[in-house]
Every structure is written in C-alpha cells, then in structure tokens.
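Hi everyone, thanks for coming. Let me put the model up on the screen so that we can walk through it together.

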Amino acid sequence: MQIIKGSRIGKDATLMPGCAGVIFDEKREKILLTRRSDNGKWCLPGGRMEPGESAAEACQREVLEETGLRVEVTKLIGLYTSPDWVVTYANTPGKLLQLVAMCFEAKIISGELGLSNETTEYGWYTPAQIESMDLVEHHPQRIADALANQPAAFIR
C-alpha cells in the first residue's frame, strides 16, 4: 500500500469503503496492532468492505481474517476520508482509491490470536510504545481518537 497526496487528488479515484478495529486489552492499557505483509508497517486490523455486508460485519470479518479473533463491534470511533490523499496497492498498480473508513472499537468474544497471509507480526502495545512505531500513516489519528474515548464519533 502506498499513500499519494495532492490537492483534491481523490477526484480521479474510486471510492473504497473500509473499516478498522481497535481492540483494547482487558485493562484498556494496550491496543492490538498487526504488521502488514505488503509494506511492513504496523496497523489496526481492518480492510475493505465487501458488497452485501454491513460496516460492522466488514470489521468483524477483517479482524477474524487478519488475527484469528472473533469480535463484537461495540462503538463507532470515527469516520475518516479526505479528497487530498489516495492509496494504491501493489496488486492493482495505478488504481487510485479514496478511502471512506470507519473505525470501530471491538471486544474479543472468541478465537485464538495468530497470523495470516496479510500479517507478519502482532502484539499488544501501550500508547507510549505506539508513538515510536512505524504505523500506516492514517492510523495514528484513529488510535488517538479511540484513546480519547468520546461518546460521539469523530468525523475527519
């Protein structure tokens, strides 16, 4: 995944709805992150929404695919999109995608934490540890919003 920035670059892109899940440990001190296999960056588990599923279902499916954990979506943290940056993926070179991403808080209901073909590592990290990690560029804001623990969703 590569992020490309430019004024209103999204006007030439395809909209792509997606989601990410913020999963806290039992004491709400650490957050589960995974390392992407395509670019080596750390991120929240998540991905594209597929036709025929709700946003919550997409979050549950993506978390399961990437971590082996079954989760229950408990809260919308925020909605994130910008016309000034797009992403492109190695498997679709030249295709520009403007993300419309929903970030949810989720709690583990079952499963066993593990790796997938999309992840090379996983771990539970404190906010202080996360600050020094090489994160996917648009995830620090989502993590900060989750840590703010506001009752209303952020719109960014």
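I'll go through the strands and then the rings.

A quick word on the ground rules: this is a predicted model, where local features need pLDDT of at least 70, side-chain atom pairs count only at pLDDT 80 or more, and totals for chains, interfaces and linings use all residues. Residues are numbered from 1 along each chain as its sequence is written, and side-chain values use heavy atoms, with hydrogens and water left out.

Strands here are DSSP runs of E, at least two residues, numbered from the N terminus, and two of them pair if DSSP finds at least two bridges between them. Three strands make an open, antiparallel sheet in the order 4-3-9. Strand 4 and strand 9 are at the edges with a single partner strand each, so one side of each has no neighbour in the sheet. Strand 3, residues 31–36, is joined to strand 4 by two bridges, and threonine 34 stands opposite cysteine 43.

Elsewhere, four bridges join strand 1 (residues 2–5) to strand 7 in an antiparallel way; glutamine 2 has threonine 88 as its bridge partner.

Now the rings: how many aromatic pairs does the structure hold? Just one: tryptophan 42 and tyrosine 125, edge-to-face at 5.3 Å centre to centre and 70° between the planes. Pairing takes centres within 6.5 Å, with planes under 30 degrees apart called stacked, over 60 edge-to-face and the rest tilted; for Trp the six-membered ring is used. The pair links strand 4 and strand 9, with the two residues 83 apart in the chain.
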